[in-house]
Amino acid sequence: MIRFLFRLMATFSLAVAVIMAVLDATRTIAVSRLVLTPLGESWASVSPSTLEETQSFIVEKMHPLVWNPVMVFILGQPGFLVFGLLAFLLYAIGHKPERRIGRFVAER
């Protein structure tokens, strides 16, 4: 059940990554130069209040160093890259390992 949830979250993350990549590709074609929209900019344009709430939560409940070097770096990266890596990590966590017992069994 837990593996299913990780794979489901990986699927949603991959869908968001593809949507963000298509938006960047469309903008790139429109202006005839490479456009990579940072995650922070995309998040601020969609829901600036949740970005501010997340920042205040991390600074108050965790530690200010988690926000400034870590989250600022992540929010500065292209959104499709962040969600693509998140999808890969979630899928790797939810991946069912291969059964090894049948690997060396002689075939008849």
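The largest pocket holds about 260 Å³ of space. Here a pocket is an open set of points on a 1 Å grid over the protein atoms alone, where a 1.4 Å probe fits, with protein on both sides within 12 Å along at least five of seven lines; lining residues have an atom within 4 Å of a point. The volume is the space filled by probe spheres set on those points. Of its 15 lining residues, Met20, Ser42, Trp43, Ser45 and Val46 are the closest to the centre.

Keep in mind that this is a predicted model: local features need pLDDT of at least 70 and side-chain atom pairs need 80 or more, while totals for chains, interfaces and linings use all residues. Residues are numbered from 1 along each chain, and side-chain values use heavy atoms, without hydrogens or water.

Three helices (DSSP runs of H or I, at least four residues, numbered from the N terminus) each give the lining at least two residues:

| Helix | Residues |
|---|---|
| α1 | 2-31 |
| α2 | 39-46 |
| α5 | 79-94 |

The top contributor is α2, with 6 residues.

Met20 also turns up in the largest nonpolar core, alongside Leu39, Leu51, Ile58, Trp67, Met71, Leu75 and Val82. Such a core is a set of buried nonpolar residues (under 20% relative accessible area) joined through side-chain atoms within 4.5 Å. Its largest share, 3 residues, comes from α4.

Now for Asp24, which sits in α1. Is Asp24 buried or exposed? Asp24 is buried, because its relative accessible area is just 4%. Its side chain makes a 2.7 Å polar contact with that of Thr37 (N or O atoms within 3.5 Å, one able to donate a hydrogen and the other to accept it).

Definitions and conventions. Buried < 20%, exposed > 50% of the residue type's maximum accessible area, 1.4 Å probe, protein only.
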